[in-house]
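Open the model in a viewer and keep the sequence panel visible. The stops below say what to select and what is found there.

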Amino acid sequence: MLLIKMLHCPNCGSTAQIRLVDFREVDENTMVKEYSCGCGSTKKMVYTLSKEFTVTKEGTFLHGRV
C-alpha cells in the first residue's frame, strides 16, 4: 500500500502550487528534497534511512535487502 501525504505551503497553505525543484542523495542513507511554492516560499525535507527491510510477495517481512 502506498500512502501519499499532500504537501502544503508553510506560507500560504496552498497544496496546488507546490513543486519539487531539487532532489539529492547526500549519501546512501540520506536524501534531500526541496519544494517551491508559487508564492515564493520553499520547503526542504531531509530523509534519513533508519530501518531497512524487504516484503515478499506473500507479505513476509525480511530484515535487510534481498
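**A walk along the strands**

Start by selecting β1 and β2, which a hairpin of 2 linking residues joins. Strands here are DSSP runs of E of at least two residues, and helices are runs of H or I of at least four, both numbered from the N terminus. This is a predicted model in which local features need pLDDT of at least 70 and side-chain atom pairs count only at pLDDT 80 or more, while totals for chains, interfaces and linings use all residues. Residues are numbered from 1 along each chain as its sequence is written, and side-chain values use heavy atoms, with hydrogens and water left out.

Now show the whole chain as a cartoon. The protein has 5 strands and 0 helices, and its elements run β-β-β-β-β from the N terminus on.

Colour by pLDDT, the predictor's confidence in each residue on a scale from 0 to 100. The mean for the protein is 84, and 88% of its residues reach 70 or more. Among the elements, β2 has the highest mean, 93, and β5 the lowest, 77.

Return to β1 (residues 19-27) and β2 (residues 30-36). They pair in the antiparallel sense over 7 bridges; two strands count as paired if DSSP finds at least two bridges between them. Select Phe 23 and its bridge partner in β2, Lys 33. Lys 33 also stands opposite Met 45 in β3.

Add β3 (residues 42-48) to the selection. It pairs with β2 in the antiparallel sense, again over 7 bridges. The hairpin formed by β2 and β3 has 5 residues between the strands, and Gly 40 in that turn has a positive phi of about 105°.

Which residues touch Thr 30 in β2, beyond its neighbours within four places in sequence? They are Arg 24, Glu 25, Val 46, Tyr 47 and Thr 48, where contact means heavy atoms within 4.5 Å. Thr 30 counts as buried because its relative accessibility is 18%. The classes are buried under 20% relative accessible area, exposed over 50%, and partly exposed in between, with a 1.4 Å probe and protein chains only.

Next, select Arg 24 and Asp 22. They form a salt bridge whose closest N and O atoms are 2.8 Å apart; the criterion is a side-chain nitrogen of Lys or Arg within 4 Å of a carboxyl oxygen of Asp or Glu. A search of the whole structure finds 1 such salt bridge. Arg 24, at 37% relative accessibility, is partly exposed, and so is Asp 22, at 26%.

Move to Leu 7, in the segment before β1. Leaving aside neighbours within four places in sequence, Leu 7 is in contact with Ser 14, Thr 15, Ile 18, Tyr 35, Lys 43 and Met 45. Leu 7 and Arg 19 are 12 residues apart in sequence, with 9.5 Å between their C-alpha atoms.

Finish in β5 (residues 61-63), where Phe 61 lies. Phe 61 counts as exposed because its relative accessibility is 56%. Switch on the surface and select Phe 53 and Val 55 as well: with Phe 61 they form a nonpolar patch of about 320 Å² of accessible area together. Patches are made of residues with over 30% relative accessible area and no salt bridge; like charges are joined within 9 Å, and nonpolar side chains (Val, Leu, Ile, Met, Phe, Trp, Tyr) within 5 Å.

Key. Areas by Shrake-Rupley, 256 points an atom, 1.4 Å probe, with all protein chains shown as cover.
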